[in-house]
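User: I am a first-year student. Please take a close look at one part of the structure shown here, and explain each term as you come to it.

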Amino acid sequence: MTIELSAALAASILSALLGAAALWLRRGSHLHQLFALGMLTFAVERTVLFLSMRSSDGTGITPLMQVGLAALALSPPLWLAFTLTFGQPEGRHRLGRGWLATLVISAAAALALLFQPGFFAAVPIFEPPHNWIIPIGFAGEVYHLILLVTSTLVIAALERTLVSTTGHARWRLKFLVLGLVGIFACRIFTASNALFYAQIDTQIEVVNSLVMMLAAVLILVGMRRSGALELDLYVSHAMLHRSIAILAVGIYLMAVALAVHLASFFDKVPHLDTILILVTLLALLAALLSDRLRLSLRRFVSRHFKRPLYDYREVWRNFTLRTAALVDRRELSRTAVKMLSETLEAHAVTIWVVSSGAARVSMDASTALTQSAGQDCTSQREPFEKLLTGVAAEEEGLDLMESSAPWCKELRQTHGDFLKEAMIRYCFPLRAQGDFLGILTVEGRVSDRPLTIEDHDLLQVICDQAAAQMLNMELSDRLRRAKEMEVFQNMSAFFIHDLKNLVSRLSLTADNLPRYFDNPEFRQDAIRVMQRSVDKIKNFCSRLSTLQKWGAAREKVDLNALLSGIAGELEGSLQVKLETDFSPLPPVILDVEQMHSVASNLLINAAQASARGSQVVLTSRLLNGVVEFAVSDQGCGMSREFIESRLFRPFQTTKKDGMGIGLYQSKLIVEAHKGHMEVESREGRGTTIRVQLPAAEERE
């Protein structure tokens, strides 16, 4: 017996045995029944091939071939039904019915074509010892086209089933799926060969027999691993109607057609087929060696084929429930980093926010860094500026330790210690409506496993949601401040009205003074009116100064001289020890009168918050091109909650007789000078307020 006959007989026997084994494993299972029927079609088709190849009668070969081709036509619907049931236990019905209906109709059409008079175009040609060449007509070509398409659909379904598994499930499944894919891939080869040459060559069928023998071994290993054929898989809805297999088969057919077309024109070129194969292999190697392509493929497969690691609906619901009632940005950040740390089992999750209206960054919340540690990190401006600039240019998060971006490499080389100190490895931009609000950073996980693509997707989703809420909070805060300003202006109007009333009373008294000056009672009453009016005017002046258009009288000023003069004016009345420590400064362009008001207000507040005889320090320095002066005291200090939610807002004060106007007005003046105010305070340990202004040469 030749190798062709032996291979066909062995393939037939192995197919029948595999079908019987599936029924023996679980006889009542619909899935196992489909598998057994599918293997039976292979067994029948190989048996017919064996009998046909042994026959030497050309008239008897045609009916035998029709039986085998009929079994082959029934194979794709059975295997697609098996694959859809095997790989899609949930949501398979809509997809499965459509595909099954298509394949059943295709099988019926193939069977109808099979028994058309024009299926075989001529008498079969016998080539000893066991080869038959059977020419086919138009009906035969359409039959093989249907077989090619249906086989491609089965491979697409098998491919989706395999890619949808991970871990142990893939270990159980892969050999069974690979065996079936090999069988149908070989069917595509023989069907395309029959189409191109318009004939069935039983000599080529030995390839199918050998592949089926190898596939039987793979399927047997897969069945032994699985035990039963049920398996729960997931495929994203975006991929229900896509398949790499369909694309690959299409490219294969186009490549074969192009190769045949080129060969017909360049048949005189020696070894053209070898050259084409070499060029194709080189192109494939170039694609496989592309890191960017491999990363894109990993993301593509992870997002569309793998079962999601996280239940995004549950994560979104949890995040929404925990943050919906929050109105404070820092509280939102604290909630976000805590939730992400719990979800990812990460060591350090931190949110760094860029201050509105200033190129400064601050730590909003962290699961690992203290507030003082965060301030130490943000004080290192150079590495943070490089980090923010780099992340702002990225569309999504990145791993600073693995990224090949030039700025990442430079940051690792020059500021590796900073990244360790700030506990930063992964960075994700906080961006909303095109505005860059800050970054979220992750240092690592408890298990030391790197973040996966799904982890990146989850982090980016949370970042986008948190950034949107931060922007809404900022917009709401702006609206609230506008309303506060409206109230402030209304109160100013009330004060002005009261001042006008005082002026009226004083004017009336002054008018009556010459007439009733000799009257003792009038003089006493006039004195009381003037005294009360003076007291009220002093109180108004000390609490609220008239707002002006800042910048109308700006000039280049020696800030140290201005501060020294203010300290000299107030030193005798503050009842504290006022010390100064000035460093050389460049000139500053400012409104002297307005900045005099700011510095005076800060010194008076420091003195009022301090015990009698305690120390208040006024300092100045130049820091990275920014002029700064600061007032420090050892007084009662302020709580963090007061600083974050109430400081610098009108009518918010810790003083019993205060109105909360001075610092609010000072902040407006400093910001009008393109400056910035910072506050450091601890309850019971004192307060330091810094005013930072641009130097004159940087503004010109």
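Analyst: What follows is a walk through the largest nonpolar core, ending with a small sheet.

This is a predicted model, in which local features need pLDDT of at least 70, side-chain atom pairs count only at pLDDT 80 or more, and totals for chains, interfaces and linings use all residues. Residues are numbered from 1 along each chain as its sequence is written, and side-chain values use heavy atoms, with hydrogens and water left out.

The core itself comes first. A nonpolar core is a set of buried Ala, Val, Leu, Ile, Met, Phe, Trp, Tyr and Cys residues joined through side-chain atoms within 4.5 Å, where buried means under 20% relative accessible area, exposed means over 50%, and partly exposed lies in between (with a 1.4 Å probe and protein chains only). The largest such core has 51 residues, and the members that touch the most others are Phe35, Trp79, Phe82, Phe119, Tyr143 and Ile219. At least two residues of this core come from each of helix 1 (3-25), helix 2 (30-54), helix 3 (58-87), helix 4 (92-114), strand 2, helix 5 (138-163), helix 6 (167-197) and helix 7 (205-226). Here helices (H or I, at least four residues) and strands (E, at least two) are DSSP runs, numbered from the N terminus. Helix 3 gives the most to this core, namely 11 residues.

Ile219 is a good residue from which to look around. Once residues up to four places away in sequence are set aside, Ile219 touches Leu18, Phe35, Phe175, Leu176, Gly179, Leu180 and Ile183, a contact being heavy atoms within 4.5 Å. Another core, of 38 residues, lies apart from this one and includes Val576, Leu585, Met677 and Val691.

The aromatic rings deserve a separate look. A pair of aromatic rings is described by the distance of the centres and the angle of the planes. Rings of Phe, Tyr and Trp (its six-membered ring) count as a pair if their centres lie within 6.5 Å, and the pair is called stacked when the planes are under 30 degrees apart, edge-to-face when they are over 60, and tilted for the rest. The whole structure holds 9 aromatic pairs by this search. In one of these, Trp79 and Phe82 meet edge-to-face, with 5.5 Å from centre to centre and 85 degrees between the planes. These two residues are 3 residues apart in helix 3, so about one helical turn separates them. Trp79 is buried, at 0% relative accessibility, and Phe82 is buried as well, with a relative accessible area of 0%.

Phe119 and Tyr143 form an edge-to-face pair too, with 5.5 Å between the centres and 75 degrees between the planes. Because Phe119 lies in the loop between helix 4 and strand 1 while Tyr143 belongs to helix 5, this pair ties together parts that are 24 residues apart in sequence. Phe119 counts as buried at 0% relative accessibility, and Tyr143 counts as buried at 1%.

Ring pairs also link Phe35, Phe42, Trp79, Phe82 and Phe184 into a cluster. Phe184 appears again beside Ser151, a residue that sits in helix 5 and is buried, with a relative accessible area of 1%. Leaving out neighbours within four places in sequence, Ser151 is in contact with Phe184, Arg187 and Ile188.

Strand 2, which is among the contributors to the core, leads to the last stop, an open sheet of 3 strands in the order 1-2-3 with antiparallel pairing. Two strands pair if DSSP finds at least two bridges between them. Strand 1 (125-127) and strand 3 (199-201) stand at the edges with a single partner strand each, so one side of each has no neighbour in the sheet. From one strand to the next the twist averages 15 degrees, where axes are lines fitted to C-alpha atoms, for helices over the stretch in contact, and angles run from 0 to 180 degrees between N-to-C directions. Strand 2 (residues 131-135) and strand 3 run antiparallel and are joined by 3 bridges, and along them Ile134 stands opposite Ile200 in strand 3.
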